[in-house]
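Work through the following exercises with the coordinates open, taking each solution one step at a time.

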Amino acid sequence: MRNMLIIGATSAIAEATARRFAATGARFYLVGRHAERLAAIARDLEIRSGQPVASESLDLDQLDQHPGLLERADQALGGIDLALIAHGTLPDQNGCQQSVQKTLAAIHTNALSVISLTTLLANRFEQRGRGTLIAISSVAGDRGRQSNYVYGAAKGMISLLLQGLRNRLSSKGIQVITIKPGFVDTPMTAAFEKKGLLWAQPDQIAKGIVAAVERGRDEVYLPWFWRWIMLVIRHIPERLFKRLQL
Ligand SMILES: NC(=O)c1ccc[n+]([C@@H]2O[C@H](COP(=O)([O-])OP(=O)(O)OC[C@H]3O[C@@H](n4cnc5c(N)ncnc54)[C@H](OP(=O)(O)O)[C@@H]3O)[C@@H](O)[C@H]2O)c1
């Protein structure tokens, strides 16, 4: 049985992942900012797992609340075995270009709040000598593109931070997993036309996250083909890349 902390538990990807872990009898502490939605997810997971589910509603932009949140989750679960950080926003790139405030708000939610949580969780796991830390980054963090470089910069920041944490903690029995989804059909991408083979459903990503934990993976592109797409994209020379409308 795993004691799981799910941060950003109302996310479609997080909910699908929690459902899969619930089938293994996991116990949950859920965190999200919509109390009603959170309560509905908690009820569903209780039925699926046969275990009581605790939850708390919190705006994760409030970094000063993070230490207390982790303490409460730790107490409720009797120790966190696995933490999944899934919250995020997809900012309007044009809006960010015109507003430093919007840009910094997007960086705050997508990078700084994740950095705060991963730092605190990593130290807790290190002290305890075990734990699994998973955060959802994105393929968008692999290379800056004109259509979404503010979001991409935030995700790139957390991908690098997780890489460093993994380098620091792998010898201490702590698993740090970076999840890099491509296009996923969730409320975050509601405004997009979701046609074509590149789009995945949240449960496909959830299946990949569970497999990554079970197989002890470090960095996972989901679905798998994004590893090869991003390999190509990362290797396009900058001289050519800067001319592409991406
Ligand atoms: N969908 C994709 O194509 C895609 C691709 C790559 C990576 N990702 C990443 O996958 C993760 C999950 O996203 P998703 O696709 O499942 O989208 P989603 O269903 O829209 O989930 C995003 C979640 O983040 C929560 N959130 C945002 N800001 C928050 C804050 N300040 N405090 C608390 N919760 C906050 C939202 O809560 P509210 O509902 O209350 O706003 C929502 O539950 C995100 O990190 C996203 O960047 C998604």
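**Exercise 1.** Determine which residues Ile-7 touches, leaving out those up to four places away in sequence.

*Solution.* Start from the criterion that two residues are in contact if their C-beta atoms, placed from the backbone, lie within 7 Å. With that sequence filter applied, Ile-7 touches Val-31, Leu-60, Ala-83, Leu-84, Ile-85, Ala-86, His-87 and Leu-117. The model is a predicted one, in which local features need pLDDT of at least 70 and side-chain atom pairs count only at pLDDT 80 or more, while totals for chains, interfaces and linings use all residues. Residue numbers run from 1 along each chain as its sequence is written.

**Exercise 2.** Identify which residues surrounding the ligand are the closest, and classify the shell.

*Solution.* Count a residue as near if its C-beta atom, placed from the backbone, lies within 6 Å of the molecule. The ligand is then surrounded by 25 residues, of which Ser-11, Leu-60, Gly-88, Thr-186 and Met-188 are the closest. Next, sort the shell by type, with Ala, Val, Leu, Ile, Met, Phe, Trp, Tyr, Cys and Pro as nonpolar, Asp, Glu, Lys and Arg as charged, and the others, Gly among them, as polar; this gives ten nonpolar, twelve polar and three charged residues.

**Exercise 3.** Decide whether α1 is largely enclosed or not, using burial.

*Solution.* Call a residue buried if 20 or more other C-beta atoms, placed from the backbone, lie within 10 Å of its own. In α1 (12–22), a helix by DSSP run of H or I with at least four residues, the buried residues include Ile-13, Glu-15 and Phe-21. Eight of the eleven residues of α1 are buried, so the rest of the structure largely encloses α1. Over the chain, 39% of the 246 residues are buried.

Technical notes:
Helices (H or I, at least four residues) and strands (E, at least two) are DSSP runs, numbered from the N terminus. A residue is buried if 20 or more other C-beta atoms lie within 10 Å of its own, exposed if 12 or fewer, and partly exposed in between; C-beta atoms are placed from the backbone.
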